[in-house]
Amino acid sequence: MAEDNGYCCPNVEEGLKHKGPRERIDNAVETVTPFIEVIDEIKKAGGEVYKLCYQCGKCDVVCPWNRVRNFSIRRIIREAAFGLTEIESEEIWRCTTCGICPQQCPRGVKLIELGVSLRRLASEYEVFPASVRSARTARASLVSEGNPLQGERKNRADWANGLSVKTFAEGMEVLYFVGCYFSYDPRLKKVAAATANILKRAGIDFGILGTKENCCGESVRKTGGEQVFTSLARENIKTFIDNGVKKIVVSSPHCYHSFKNEYPEFMVNFEVVHISQYLSELINEGRLEFTKEFAKKVTYHDPCYLGRHNAVYDEPREVLEKVPGLELREMPDSRKDSLCCGGGGGRIWMETPKGERFSDLRLEQANKVGAEVLVTSCPYCIANFDDSRLNLGYEEVLEIKDITEVIQEVI
Ligand code: SF4
Ligand code: SF4
């Protein structure tokens, strides 16, 4: 007798033609329409790569969700393959697009793209479970004000008041693209200010776009907001071209990823440098010199979109290792195995209940290696880590800093 494969037919391909796992065949008639659209969406997302999945489950083993609750991206892939995705369920919104499961998949399944294609479909139908509705608010704010935080466009450059930061003009060495969270969030504005102070200290001829800067669009795209992404990207690209921008320094790994890997879809290429890389360059060229010590035990957290998605692991560590007095300690789950903070894929806009926050686990790791300061270089990581610091009562134990805030203290 043939081994039970969980499908209606002994042959998986046959089962696929029959639209689904045996236990859900009874519902097949009602799901004919979603079946066609889910399959079409998946094809648009990169072909029928889901068929490559042989359900080994290696993706689920590494997924950080399974450290805090049950979650199976493998099952989502399986259901999508049969067009049986429940687009109204919370499950398709869980993935933080951290990138750890695709690097484990022996069949090269594009798990993130598949997940995003399902969100695109849910977005088209305006089907959002309760915990995801705040992402819809963020999207509306992106459309009206160019940022997800409901900040008024006219206030975008307020963080720079009193800092003598110039508006970008053609011929300047660098455009500093600040990003939404560093422009509007009260805690993160300090990082933008630290960055501007460092660039000035290094003698860089730089400027900002101010009210002409729009969100890069990376995260809204991962929530399925393809049209909003396209419109933001087009506006930014036009502004870059109109203003003669050549080199862009960014604070956020999400802007970095978008400009470097997604904007080329519009047939443009700008030189993009993440601030941690730029700091390394400036220190190596002698344009930044240390005058003080930072005598603390520090651990560095690799943001998913800087590390796994873009392989920037060494420069931030090289910068920190050069700081006089600083002792760098590694956490478990570092570099390509870094533990996601929980903020990617638009999750920063969604509610994650206490007890299910990856950032709590990360802070416990930092504490266990004896770090006094957890340094990173991403707005979502800092926001989530700051929340966890309060929730865990770590105010006296652990500081959370952006890498620029450390450098500002020692130059
Ligand atoms: S690791 Fe790849 S092949 Fe294995 S279950 Fe996950 S998606 Fe399928
Ligand atoms: S990308 Fe990360 S969060 Fe998403 S399913 Fe894979 S491991 Fe889980």
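A residue counts as buried if 20 or more other C-beta atoms lie within 10 Å of its own. I applied this cut-off first to helix α4, residues 73–81, in what is a predicted model.

**Entry on α4**

I found 7 of the 9 residues of α4 to be buried, so the helix is largely enclosed by the rest of the structure. I listed them as Ile73, Arg74, Ile76, Ile77, Glu79, Ala80 and Ala81. After the helix comes Gly83, and I noted its positive phi, near 70°.

**Entry on the chain as a whole**

I then looked up the overall figures. The protein chain has 16 helices and 8 strands. Of its 411 residues, 47% are buried. I also looked at contacts with a separation of 6 or more: residues 24 or more positions apart account for 78% of them.

**Entry on α6**

I turned next to helix α6, which runs over residues 133–145 and has 13 residues. From its first C-alpha to its last I read a reach of 18 Å, close to the 18 Å expected at 1.5 Å a residue.

Which residues of α6 are buried? I recorded Ala135, Ala138, Arg139, Leu142 and Glu145. Seen down the helix axis, the buried residues of α6 fall within an arc of 160°, so they line one face of the helix. I recalled the general rule here: an α-helix has 3.6 residues a turn, so residues three or four places apart point the same way.

I then asked what covers the buried residues of α6. The cover includes α9 (218–222) and α10 (226–242). At the far end, α6 is followed by Gly146, and I noted a positive phi near 80° for this glycine.

**Entry on Ser131**

I looked at the loop between α5 (111–124) and α6, where Ser131 has its place. Ser131 has 15 other C-beta atoms within 10 Å and is therefore partly exposed. Which residues does Ser131 touch, not counting those up to four places away in sequence? I found Glu90, Met350 and Glu351. Ser131 and Met350 are 219 residues apart along the chain, yet I read a separation of 5.9 Å between their C-alpha atoms.

**Entry on positive phi outside glycine**

I checked two residues other than glycine for their phi values. Gln150 has a positive phi, near 60°. I located Gln150 in the loop between α6 and β1 (174–177). Gln150 counts as partly exposed because it has 13 C-beta neighbours inside 10 Å.

Ala311 also has a positive phi, of about 60°, although it is not a glycine. I placed Ala311 in the loop between β5 (297–300) and α13 (314–322). Is Ala311 buried or exposed? With 10 other C-beta atoms within 10 Å, Ala311 is exposed.

**Entry on α14 and α15**

Lastly I examined how helix α14 (residues 358–368) meets helix α15 (residues 379–391). Their axes come within 9 Å and cross at roughly 75°. Angles of 65 to 115 degrees count as roughly perpendicular, and the crossing therefore makes α14 roughly perpendicular to α15.

On the α14 side I noted Ser359, Asp360, Arg362 and Leu363 in the contact. On the α15 side I noted Asn384, Phe385, Asp387, Ser388, Arg389 and Asn391. I sorted the residues of this contact by character and obtained 2 nonpolar, 4 polar and 4 charged.

Terms used. Residues are numbered from 1 along each chain as its sequence is written. Chains are lettered from A and ligands numbered from 1 in the order in which they are written. This is a predicted model: local features need pLDDT of at least 70, side-chain atom pairs count only at pLDDT 80 or more; totals for chains, interfaces and linings use all residues. Helices (H or I, at least four residues) and strands (E, at least two) are DSSP runs, numbered from the N terminus. The expected span of a helix is 1.5 Å times one less than its number of residues. A residue is buried if 20 or more other C-beta atoms lie within 10 Å of its own, exposed if 12 or fewer, and partly exposed in between; C-beta atoms are placed from the backbone. The arc is that of the directions from the helix axis to the C-beta atoms. Two residues are in contact if their C-beta atoms, placed from the backbone, lie within 7 Å. Axes are lines fitted to C-alpha atoms, for helices over the stretch in contact, and angles run from 0 to 180 degrees between N-to-C directions. Angles under 35 degrees count as roughly parallel, over 145 as roughly antiparallel, 65 to 115 as roughly perpendicular and the rest as oblique. Ala, Val, Leu, Ile, Met, Phe, Trp, Tyr, Cys and Pro count as nonpolar, Asp, Glu, Lys and Arg as charged, and the others, Gly among them, as polar.
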